[in-house]
Amino acid sequence: MNISTRFAVAIHILTLIDSNKDGKSTSEWIAGSVNTNPVVIRRLTGMLNKAGLVEVRPGVAGAKLARSAADITLLQIYKAVNAVEEDSLFSVHEHPNPECPVGKNIAGAIIPVFSLAQKAMENVLQEVTLDQIVHQIPVA
């Protein structure tokens with residue numbers, strides 16, 4: 001199971017908005033960079049707005065960051081767009097053979113490890129800011 005592409009697209013959206021401080025970051029303009037439909041952008045921007053990461057106003061074209069890029073972590077973005085449910089980054093196969101000693105015990109053995117791995121990844125995302133991503137993009 002992969003992390004939803006919503007996460008990467010949300011980072012793309014926020015990076016574009018930050019790089020376009022003096023312009024209007026409309027869903028159509030952002031969609032052109034992401035190479036997707038503006039409806040997808042509006043849906044994700046709505047999620048980012050609900051999480052307090054962007055500001056959008058009904059009837060007014062464009063979005064802007066609700067706070068500094070240095071104050072937005074990748075973990076906040078990850079959570080805002082529901083990239084993956086809590087403790088479900090890794091899936092365990094369903095219906096192993098309950099008559100097999102491994103089959104009936106495998107989930108209990110690996111789920112705690114999977115949970116630790118997800119927490120470790122989330123800890124890394126907490127340490128990276130949108131500003132760090134923005135500064136990785138070459139200026140045209």
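**Exercise 1. Which helix is the place of M47, and which residues is M47 in contact with, leaving aside its neighbours within four places in sequence?**

Before you start: this is a predicted model, where local features need pLDDT of at least 70, side-chain atom pairs count only at pLDDT 80 or more, and totals for chains, interfaces and linings use all residues. Residues are numbered from 1 along each chain as its sequence is written, and side-chain values use heavy atoms, with hydrogens and water left out.

Step 1. Find M47: it sits in helix α3. Helices here are DSSP runs of H or I with at least four residues, strands are runs of E with at least two, and both are numbered from the N terminus.

Step 2. Skip the neighbours within four places in sequence, and M47 touches A80, V81 and N82. Contact means heavy atoms within 4.5 Å.

Step 3. Now try I72: it is 25 residues from M47 in sequence, and the two C-alpha atoms are 15 Å apart.

**Exercise 2. Work out how α1 sits against α2 and α3.**

Step 1. Two packed helices are described by the angle between their axes and the distance between the axes. Axes are lines fitted to C-alpha atoms, for helices over the stretch in contact, and angles run from 0 to 180 degrees between N-to-C directions.

Step 2. Take α1 (6–19) with α2 (residues 27–34): their axes come within 10 Å and cross at roughly 120°. So α1 and α2 are oblique to each other. The cut-offs are under 35 degrees for roughly parallel, over 145 for roughly antiparallel, 65 to 115 for roughly perpendicular, and oblique for the rest.

Step 3. List who meets whom: V9, H12, I13, L16 and I17 of α1 meet W29, I30, S33 and V34 of α2. Sorted by class, that's seven nonpolar, two polar and no charged residues. Nonpolar covers Ala, Val, Leu, Ile, Met, Phe, Trp, Tyr, Cys and Pro; Asp, Glu, Lys and Arg are charged; the others, Gly among them, are polar.

Step 4. Swap in α3 (residues 38–50): its axis and that of α1 come within 10 Å and cross at roughly 80°. α1 and α3 are therefore roughly perpendicular to each other. On the α1 side you'll find R6, V9, A10, I13 and L14, facing I41, L44, T45 and L48 of α3. This contact has seven nonpolar residues, one polar and one charged.

**Exercise 3. Close the set with α2 and α3.**

Step 1. The axes are 8 Å apart, and the helices α2 and α3 pack at an angle of about 110°. That makes α2 roughly perpendicular to α3.

Step 2. From α2, S27, E28, I30, A31 and V34 make the contact, and from α3, P38, I41 and R42. The classes come out as five nonpolar, one polar and two charged.
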